[in-house]
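Please work through the following exercises on pockets, a cavity, strand pairing and salt bridges. Each task is followed by a solution in steps.

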Amino acid sequence: MDLPAIQAALRERNVDAWLFYDHHHRDPIAYRVLGLPEKLMVTRRWFYLIPAKGEPQKLVHKIESGHLDSLPGTKLTYAGWQELFGGLKQMLSSSRDVAMQYSPNNGIFTISLVDGGTLELIRGLGKNIVSSGDLVAKFEATLNDDQIKSHFAARDAIDQITAAAFQEIGHRVRNGGTTEFQIQQWIVEAFAREDLVTSDPPVVAVNANSGNPHYDPGSDRSAPIREGDFVLLDIWAKKNVPDSVYYDITWTGFVGSSPSDRIQEVFRVVRDGRIAGAKFVEESIAAGKTIAGWQVDQMVRGHIIKAGFGEYFVHRTGHSIGTEVHANGANMDDLEVHDERRILANSLFSIEPGVYLPEFGVRSEINMLVRSDRAEVTGKMQGEIVII
C-alpha cells in the first residue's frame, strides 16, 4: 500500500476518506490496493479508513484482531453489533464524503462491491458515499515502467504470432485442410514457445462464427476453414513474469484473393471507426484535455451509426488492460454503461469496434497507452483485410 499516494489522490479529488470493508473476501480490490494476503481467513467484518490527512484507523473483530496489523494506523476492536456501530461512528466522525467500492445504480459493476445494507449503515451515520472508481483505476490500472515494458514485449511476440497464424491457415487450407480449433491450438503452442500466458485461449472464428463476439471454438464445436472463408483472430496474452501486462488485438483475413464487396464495406466502416477513436484520444491528450471512457465510445459509435451499422455494434468500444486482460480502469463505454471514469496517465486500454452480421462479423482491435502529455497506439494497426 502506498499511503502517501492514496492520501494525495483523496485530497486531489476533495474526498475526506476512503473506507475499505470486507468479510469472506467479497472485495478483492481491497486486498490488492492495501497489500493484504489474498488467502487470509476472514469470517468477520473488518473496516479500514484512510483519511485524506492524518492516521488511518482500523476496526476489526476481537477473534480476528490481527488481520490488519500489517497496515499502519490505530486499531479499534469489537465483538457485538453495538460495538461495531459505535466503532464506525468514531472512525468516521471527522469525515463527510467517503469513498467506497460503490457505483451509482451499479453502473460500473466491477467496482460496486459493497452490499446495500452496509451502504445504508454508513449513510445512516450521516455520510455521503462517493464512488471509488477513479481511485481504484489509479491504484489498480495505471502502470509502472516495468509493466509498460512487459506490454511491449508481449506485443512483439503476439504481432509475429498473429502474422504467422494467417500464413499457417493458408498453408494448411491448401495442404489437407484445417479447423478453427486446430489453429487455436497452434497459437496456444506458439504462446508456450514465446513464454506467454493467457487467461483463455484465443478466438479463431470463420464466417458466421465471427459474428459471435465471444465465440469459443472447441474440439467438439469447430468449423473447418476453407478457400473463400472469412477469418477473425482475437489474440491476447502477456509475458510469463510477475506483474506483466496483457497485449490484446483482433485482426481479420480472407482465404482467397478477393473478399466480397460486403465484407470490404463492413471492414472499412469498422476500421475507420477505430481510427476515429484513436485520433480523438491522441488529439485530446496532446491538447491537455481530461477525457472519460464514454467520450471515446461515443466518438467511435457515432461513426458506425452514421454508416448505418449501429444496431450491429452490440458491445462497448474498449476495455481497460492491465495485469488482467480486463482491468479496473476506465472502459470505453457509453452503451453498456455510461463510464465517467477518467482516462489516466500511464493507463492502457483497447479500442475494438465491431459489426456483427448473421453471415460474418468484423472486429478491429488495437491497444492505446496514455501518458501525461501524449497517447499512442502500441502495436500494428490493420489497414486492409489480410489476404491469406
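The exercises below concern this predicted model.

**Exercise 1. Open space**

Task: Characterise the largest pocket and the second largest pocket by volume, by lining and by residue class.

Solution.
Step 1. The largest pocket holds about 540 Å³ of space. Its lining comprises 23 residues, and those nearest the centre are P213, H214, D234, W236 and H326.
Step 2. Sorted by class, this lining of the largest pocket contains 8 nonpolar, 7 polar and 8 charged residues.
Step 3. For the second largest pocket the volume is about 440 Å³. Its lining has 18 residues, with R32, E140, T323, E324 and A327 closest to the centre.
Step 4. The class counts for the lining of the second largest pocket are 3 nonpolar, 10 polar and 5 charged.

**Exercise 2. Enclosed space**

Task: State how many cavities of 30 Å³ or more the structure holds, and describe the lining of the largest cavity.

Solution.
Step 1. The structure has 1 cavity of 30 Å³ or more. The largest cavity contains about 80 Å³ of space.
Step 2. Its lining residues include A137, A141, T142, S320, G329 and A330. Also among them are R342, I343, L344, S347, L348 and F349.
Step 3. Strand β14 (residues 347–351) supplies the largest share of this lining, namely 3 residues.
Step 4. By class, the lining of the largest cavity divides into 7 nonpolar, 4 polar and 1 charged.

**Exercise 3. A sheet of six strands**

Task: Give the strand order of the open sheet of 6 strands, identify the edge strands, and describe how β1 joins β2.

Solution.
Step 1. The order in this open sheet is β4-β3-β2-β1-β5-β6, and the pairing is mixed.
Step 2. Pairing on one side only marks the edge strands, which are β4 (74–78) and β6 (128–131).
Step 3. From one strand to the next, the twist averages 25°.
Step 4. Strands β1 (residues 17–22) and β2 (residues 46–51) run antiparallel and are joined by 6 bridges. Across this pairing, Y21 stands opposite F47 in β2.

**Exercise 4. Salt bridges**

Task: Report the count of salt bridges, then examine those that involve R363.

Solution.
Step 1. With a cut-off of 4 Å between side-chain nitrogen and carboxyl oxygen, the count comes to 19 salt bridges.
Step 2. R363 forms a salt bridge with D234, and the closest N and O atoms are 2.9 Å apart. This pair links distant parts of the chain, as R363 lies in strand β16 (residues 361–363) and D234 in strand β11 (residues 230–239), 129 residues apart.
Step 3. Both partners, R363 and D234, are buried. D234 is also one of the residues nearest the centre of the largest pocket.
Step 4. R363 forms a salt bridge with E352 as well, at 3.7 Å between the closest N and O atoms. Here the partner E352 sits in the loop between β14 and β15 (354–356), 11 residues from R363. E352 is buried, as is R363.

**Exercise 5. Further charged contacts**

Task: Is E12, the partner of R13, buried or exposed, and which residues are linked with D216 in a network?

Solution.
Step 1. R13 and E12 meet through their side chains in a salt bridge, 3.5 Å from N to O.
Step 2. E12 counts as exposed because its relative accessibility is 54%, and the class begins over 50%.
Step 3. D216 is linked with D220 and R221 in a network of salt bridges.

Key. Residues are numbered from 1 along each chain as its sequence is written. This is a predicted model: local features need pLDDT of at least 70, side-chain atom pairs count only at pLDDT 80 or more; totals for chains, interfaces and linings use all residues. Side-chain values use heavy atoms; hydrogens and water are left out. On a 1 Å grid over the protein atoms alone, a cavity is a set of points where a 1.4 Å probe fits but cannot get out, and a pocket is an open set with protein on both sides within 12 Å along at least five of seven lines; lining residues have an atom within 4 Å of a point. Grid points are joined across faces, edges and corners, and a volume is the space filled by probe spheres set on the points. Ala, Val, Leu, Ile, Met, Phe, Trp, Tyr, Cys and Pro count as nonpolar, Asp, Glu, Lys and Arg as charged, and the others, Gly among them, as polar. Two strands pair if DSSP finds at least two bridges between them. Helices (H or I, at least four residues) and strands (E, at least two) are DSSP runs, numbered from the N terminus. Axes are lines fitted to C-alpha atoms, for helices over the stretch in contact, and angles run from 0 to 180 degrees between N-to-C directions. Buried means under 20% relative accessible area, exposed over 50%, partly exposed in between (1.4 Å probe, protein chains only).
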